[in-house]
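User: Could you walk me through how some of the helices in this model pack against each other?

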Amino acid sequence: MEELTRAKKRALYILADCDKTEKQLYDKLKKTGYSDEAIMGAMDYVRGFGYLDDGKYAVRYILYYREKKSRARLKYDLAKKGLSQALIAEAFEEAGEWDERPAIRVLAEKKLSKMDRTDPKAYRKLAAFLSGRGYRTDDVMAVLGQLAEGLPKSSGA
């Protein structure tokens with residue numbers, strides 16, 4: 001019984017800092033040495049107060065990071081945090097659609113500021129970088145096309 005009380009206090013302490021998924025909280029409590037029974041009791045306790053809700057966590061995570069990360073990266077991160085694919089899909093539906101092109105443009109301009117903009121290889125490298133970040137190829141190419149429009153055409157000498 002005493003272990004359950006300590007586990008509840010520890011769970012509240014962990015969640016006071018920042019939100020966690022159920023898996024993250026379970027792992028932290030397990031690492032601290034609590035039994036599965038105490039962990040489940042503590043999780044039920046904090047869940048009763050609304051402090052532990054994976055669905056709300058996923059939606060908040062998407063809304064916060066969608067200007068900085070691609071959809072693919074957000075899905076990967078949420079899955080890594082222990083959320084099911086069904087829950088992730090629901091969270092994306094609740095968060096709504098958004099255009100990733102402004103985020104791509106910000107990243108591209110930041111990278112291009114350190115590159116030779118007249119070098120065609122720079123754009124290929126940049127496209128590979130952005131695709132590696134999980135952005136869709138058609139969005140990447142559209143943004144890079146806009147950025148390249150203002151450049152003078154190189155002469156085929």
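**Helix packing around H6**

Analyst: Let's start with one pair: H5 and H6 cross in a right-handed way. Keep in mind that this is a predicted model.

User: At what angle do H5 and H6 pack, and is that parallel, antiparallel, perpendicular or oblique?

Analyst: Helix H5 covers residues 71-80, and its axis lies 10 Å from that of H6. The angle between the two is about 135°. Roughly antiparallel would need an angle over 145, and roughly perpendicular runs from 65 to 115, so H5 against H6 counts as oblique.

User: Which residues of H6 meet H5?

Analyst: On the H5 side, the contact uses Arg71, Leu74, Lys75, Leu78 and Ala79. By class, the contact of H5 with H6 splits into 5 nonpolar, 1 polar and 2 charged residues. The H6 partners are Gln85, Ile88 and Phe92.

User: How do H4 and H6 lie to each other: parallel, perpendicular or oblique?

Analyst: Helix H4 spans residues 54-65 and H6 spans residues 85-95, with axes 9 Å apart. They pack at about 55°. Roughly parallel means under 35 degrees and roughly perpendicular starts at 65, so H4 is, relative to H6, oblique.

User: What is the handedness of the H4 and H6 crossing, left or right?

Analyst: H4 brings Asp54, Gly55, Ala58, Val59, Ile62 and Leu63 to this contact, while H6 brings Leu87, Ala91, Phe92, Glu94 and Ala95. The crossing of these two helices is right-handed.

User: And how many nonpolar residues does the contact of H4 with H6 have?

Analyst: Sorting that contact by class gives 1 polar residue and 2 charged ones. The nonpolar count is 8.

Definitions and conventions:
Residues numbered from 1 in each chain as written. Predicted model: local features only at pLDDT ≥ 70, side-chain atom pairs only at ≥ 80, totals over all residues. Heavy atoms only, no water. Axes fitted to C-alpha atoms, helices over the stretch in contact; angles between N-to-C directions. Helix = DSSP H or I, 4+ residues; strand = E, 2+ residues; numbered from the N terminus. Left-handed = near helix turned anticlockwise from the far one by under 90°. Contact = heavy atoms within 4.5 Å. Nonpolar A, V, L, I, M, F, W, Y, C, P; charged D, E, K, R; others polar.
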